[in-house]
Each structure stands twice: as C-alpha cells, then as structure tokens.
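Me: I would like to learn how to read a structural model feature by feature. Could we take the general idea each time and then turn to the case at hand?

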Amino acid sequence: MYNQGQKVVVVMWLYPFSEIYWGNFERQVKSRFQRMQQEQVVSRLFAKDYTLWKPSPEEITNRLGWLDSPEQMKKEIKTLKAFAEELQKEGFRVACLLGMGGSSLAPEMFSKVFGKTEGFLDLLVLDSTDPDWITYLENKLPCENTMFIVSTKSGTTAETLAFFRYFFHKLSQLKGKEAGRHFVAITDPGSPLEEIASRRLFRKTFLNNPDIGGRYSALSFFGLVPASLLGIDLGKLLDKAILMREFCSSDNSECNPAVVLATYLGELALLGRDKATFFFDPPSLSSFGDWIEQLIAESTGKEGKGILPVVTEKPLKPEDYGSDRTFIFIEDMESSLFRDFKEDLRRNGHPVLSLKIEDFYDVGGLFFVWEMAVALAGHILQINPFDQPNVESTKAFTRALISDYVKEGKLSQEKPLFEEDGVSVFGNWPGSNCKEVMRNFVKEVNTGGYIAVQAFMAPFENTKRELEEIALLLQKISKVAVTIGFGPRFLHSTGQLHKGDAGKGIFLQFLTENQNDMVIPELDTENCSSAVNRLTFSVLKKAQALGDREALREAGRKVLGIQLERAEDLLTVKEVLHALLAEGR
Ligand SMILES: O=P(O)(O)OC[C@H]1O[C@](O)(CO)[C@@H](O)[C@@H]1O
C-alpha cells in the first residue's frame, strides 16, 4: 500500500516534476532494470540487434529506421519549408490528409494540438469510410484551394486509395488535367502509389525511408510534411526528439527514460497489470492518446500477449478499477486537474506515472521515448513489436465479401437474432430481446478482461458522447476496462490486439445505415465494366464491419453485432444498459 514515508514516489528527470509510483512492484522492477543493464539491451537496440526480439531478422532489421529519423529529417527541413511556402503562395488554404493508422494519427495529433499557424494551411484528416462523414468533411473543404495528401507506406491500403480515387475524380471534373497539382504523395520507394503519383502528375512525391514502419513514422515525412504545412517549427520539434534520443542512449536502466517506461509497460503487464490507462490535460493532448493507442496495441497485441491501451475512459473511483491497471498521465506543467485522483489511485495501490511537459513541442521527445519504450516492452514480452500478423485476416474476409458483392449486387450476411426499436441484433447469443442478450453479453467478460466497443459509424461529436456514455455504463456493470474505437480506423490500431492477444476481450460492434452514399470511382474508365455492381463507401464500410466480425470469430472471440438504422438508435442500447445497471444495485 501507498505510504509516503517509504521510498515510493520517484521524481524523474524525464521531464521536470514527472513522477512515478510503482506500487508493490519495486522488487520486480529493480530486477528487470538490472537484467536489462547486464544484457546491454539499449546498446544492442541502437546497434539494431534483432535478437533482442526474435532469432530471425525478418520484419525487424528493416523496421528500425525511426532510431535515426530525427537526425536525418533535419536535413529535409529546407525542402519541407519550401514546399509549404509554395502552397501558401499559390493560394492553398487547406490540406486534407487521406490515410489510415500510422499514416494519419500523428498528423491528426499535430492538427489538434498545435492547430493552424497564421498564414499557413489548415489540416483535416480523413480516415473513415463512412459516407456521411466523408460528405460532412467534403462540405468543409474549399476544393479549389485544397491540397490532398495521399499518405500510405505500402501504397496499397484500400481505404486510402478509395479516398484518393473519390477526390481525384472530383478534382478532375473541376480542373481537368491539372487535377494532379492538388495532390501530394507520401509513400515508400517503389510502392504502387509512387507509380500512380507519377502517372497522375502529382505536384510532389515524398519517398520515405522504407525502414520505418507506419506506427513509428511520426518523425519522418509521414508526420513532418503535414506538420510543416501547419506551420510547426520542425527544427524545434526534431531537436526535442534528438535530445530525448540522447537521454535514452544509456545502458544505466534507472536513468534511461525509455527503459523506465518500457519496464512500466512490459514488466507490469507480465505481472498482470496489462491495461495501460491514459489521461491527458489539456484535453487536446488526447489526440496524442490516439497515436499512442496504435503504437502500443499494434506493437504488443500478438502471439497471445498484449498491453491494452485505454485512452477514452473518464476517471472513476479507484476502487472501481481492477488490479489489471496501470495509470499514465500526460499533463502540462501547470495542470493540477488530476492531483487528487492520482493520490487516490496510489493510496489504492495502483501504479501511477505522470509525465509533465513544458510546451507542446515536447511531443517531439514524447514520440521518440514512447517508440523506444514500446519497442523495449516488446523485448520484455518477447514478441516482435514491428509486425502486425493479425491485421490481414479482416482484410481477407472483407475482400471476399466485396468480391461477392461485385458479382451478386448484395453483401451476404447472417440473419439477425431479432429486431427491436430500430436495432437488429446479430451473433450466437441466448435471449430474445436486447436486455436479455446484453445481460448475457456482459456476463461473458471475466475479471481482468475488457470490452471493446467498435463503432462503424460517422465519428460525429454527439455520437462520440453517446458511445462514451455506453462505455461508462458497461464499465460500471462489468467492472472491466472498456475501450471505444471507430471503424474502420481502429482496424489499423487496436484491431491487431483484439485478434492477437490472449483473448481477454469481448466485442460490441455497432454498424449504422447511412443517409448518403457515393460510388468509389474507378480512375481508368476503360477498365470499368458496366456489368459489375459498383462499390460504394457504405458497402465498403459494411464489408469491413462484417469482415472484422468474421475475423474475430475465427480467432475465437465473442462478438455481439448491433445494426442501427440511425446513430440516434444508440439510445435504445443506452436505456437497456441503464436498466441492467439498476438491476445490479
Ligand atoms: O501506411 P499504410 O501502408 O497505408 O498502412 C496504414 C496502416 O495499416 C497498417 O499497416 C495495418 O493496420 C498499420 O500498421 C499502418 O499504420
């Protein structure tokens, strides 16, 4: 138990006034520190020694480019600045980034945390295939003055290419052969996008270092092109990362912030604390949470292991948390919002880590230290933190559904269990109404497990709020961690962990019908046969939801599918949960 008289709260120099409380785990932590020091884990990481993770170098040796990226990208600042100036001069006002997962989350964080600088471009990010959301975003875009950033490492990500085709078609109608001047590509050398960009006469193509994986690419062209368009001072940002790299280069474990964080994540997960629960102040930093969620979940959730990042919960009473949690606060220096909450958590024996940042440019250092920490947590868990072996299964089911759709004109789907007030319920669940099914669903989660709410819906603010309320009700009823992810975005983040971890999760999948729908245009009209059924965004979204449902089931996971006519029908689910909560009291 917490006792201020003992040496339990360590003030770290990671950032001034940061602090860490290990709870009852100091002994194990010390021994992990010693082991990492003896094995010279840090020196071996910088020497790119793949045996830290696996006996073979595959998808490791060619994924460590992020270690040198801050230094290398300093040489590109001039080019990036010149590009931003060129766009300003030509009257571009908005940049719209089309991308998924590692190609979109850092840019979105830059946009939400830093915002637009006077005279520079605004940045919007599209990472949803929901046609209502695309229409909403499109209506905000002054297409004539918009630069589209097509951002994909592989150059093959289905969502990104569908967004590209949609907006390229639109711009071609407006600008004819000049359409390509509104597009810039960020991709790996030799990817299919590089070829598309050259054929479609894109304004520019940034070829990234191929040795950097998606979720480790914040401080490469993937993060820095959009950051420079926003007017962020790249030199300052990268210097913070370079300084952090220096702090993180020592084999002296206790003095190495990345080793301390890795131990906090990895060692405590091995000891049963495998839910890393994040809180942010100011709230705009929660977009850093979306980035870190992908980094932790996609890197560690595999081979029957994994650390679940929880980034959307509101603070609860300390006794409402299980003994499977660690807590991480990322706050600015002045923040005292969580002071009492942290104290309560420590008093209840929960490990608590608080990182204080001085200004937003400290995210440069945060990107680096978390990338290194997660890579080292992968070493502690003995997994490869750079691959994503279970992501492909959803894609395969989705492709099969789409290919049937193109032939048959409809998506094949299981029959609902029943329909009730705008809500159709799917899955192998006992019960003949929503309340019975939901009661049985919640019973399926064990202590130490989690519930993942997956919403294939447009991410409007009011929908987010409704889902947060639903998550809170589920949390109160089940007493386990509850996460929320919008689909298809989460498929490129927590989707890996959902299928690759130890199977502790149960899944509540929402899927809405849409008000709007648009065909995803083909670019080469000569390849378009009029006999096929043309794919639309709503069909793509639905195929992704149904595909993931199948992939989860194939991995032995339990899924409750709820299809809604409109987002407002979430109310039916909320009412049922309120009733269940009242029953339990
Ligand atoms: O940059 P790409 O190749 O489009 O990939 C996007 C995302 O998809 C994944 O490959 C798999 O979900 C992520 O790891 C990656 O960040």
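Reply: Let us begin with a single contact, bearing in mind that this is a predicted model. The side chains of D127 and R489 are joined by a polar contact of 2.8 Å.

Me: Where is D127 found, and is D127 buried or exposed?

Reply: D127 is found in the loop between β4 and α6 (131-140). Burial is judged from relative accessible area, and a residue under 20% counts as buried; D127, at 7% relative accessibility, therefore counts as buried.

Me: Which residues does D127 touch, not counting those up to four places away in sequence?

Reply: D127 touches G99, M100, S104, F163, P488 and R489. One of these, P488, is found in the loop between β15 (481-486) and α18 (494-500), and the peptide bond from G487 to P488 is cis, with omega near 5°.

Me: What should I keep in mind when I meet a cis bond or a positive phi?

Reply: Most residues other than glycine have a negative phi, and most peptide bonds are trans. Besides the bond just named, the peptide bond from D281 to P282 is cis, with omega near 5°, and P282 lies in the loop between β8 (275-281) and α12 (286-300). As for phi, Q40 has a positive value of about 50° although it is not a glycine; Q40 is found in the loop between α1 (26-38) and α2 (41-46) and, at 44% relative accessibility, counts as partly exposed. K479, also a residue other than glycine, has a positive phi near 65°, lies in the loop between α17 (461-478) and β15, and is partly exposed with a relative accessible area of 45%.

Me: Let us turn to the sheet. In what order do the five strands lie, and is the pairing parallel or antiparallel?

Reply: Strands of a sheet pair through backbone hydrogen bonds, either parallel or antiparallel. Here the five strands form an open sheet in the order β4-β3-β5-β6-β7, and the pairing is parallel. The edge strands, each of which pairs on one side only, are β4 (122-126) and β7 (204-207). On average, and with direction ignored, neighbouring strands of this sheet are turned by 20° against each other.

Me: How many bridges link β3 and β5, and which residue stands opposite A95?

Reply: Strand β3 (residues 94-98) and strand β5 (residues 146-151) pair in the parallel sense over five bridges, and A95 stands opposite M147 in β5. T146 also lies in strand β5; at 0% relative accessibility T146 counts as buried, and, leaving aside its neighbours within four places in sequence, T146 is in contact with F92, V94, C96, L141 and H182.

Me: Which helix lies across β3, β4, β5, β6 and β7, and how many of its residues are buried?

Reply: Helix α9 (residues 221-229) lies across these strands, running at about 150° to β6 (183-187). Nine of the nine residues of α9 are buried, so this helix is largely enclosed by the rest of the structure. Among the buried residues are F221, F222, L224 and V225. Just after α9, G231 takes a positive phi of about 90°.

Me: How should I read the nonpolar cores, and which residues have the most contacts inside the largest one?

Reply: A core of this kind is a set of buried nonpolar residues joined through side-chain atoms within 4.5 Å. The largest has 97 residues, and those with the most contacts inside it are W66, F288, W291, F367 and W370. Helix α14 (residues 363-381) gives the most to this core, with 14 residues. Domain 1 (2-64 + 239-381) and domain 2 (76-232) both give residues to this core, so it lies between them. F367, leaving aside its neighbours within four places in sequence, is in contact with A106, M109, F110, A218, L219, F288 and W291. A second, separate core of 45 residues includes W133, C143, I402 and L411.

Me: How many residues of domain 2 are in contact with domain 3?

Reply: The domain assignment places domain 3 at residues 391-584. There are 25 residues of domain 2 in contact with 26 residues of domain 3, and the centres of these two domains, taken over C-alpha atoms, are separated by 28 Å.

Notes. Residues are numbered from 1 along each chain as its sequence is written. This is a predicted model: local features need pLDDT of at least 70, side-chain atom pairs count only at pLDDT 80 or more; totals for chains, interfaces and linings use all residues. Side-chain values use heavy atoms; hydrogens and water are left out. Buried means under 20% relative accessible area, exposed over 50%, partly exposed in between (1.4 Å probe, protein chains only). Helices (H or I, at least four residues) and strands (E, at least two) are DSSP runs, numbered from the N terminus. Domain bounds come from an automatic or database domain assignment. Contact means heavy atoms within 4.5 Å. Two strands pair if DSSP finds at least two bridges between them. Axes are lines fitted to C-alpha atoms, for helices over the stretch in contact, and angles run from 0 to 180 degrees between N-to-C directions. A polar contact is a pair of N or O atoms within 3.5 Å; within protein, one must be able to donate a hydrogen and the other to accept it, and residues adjacent in sequence count only if both atoms are side-chain atoms.
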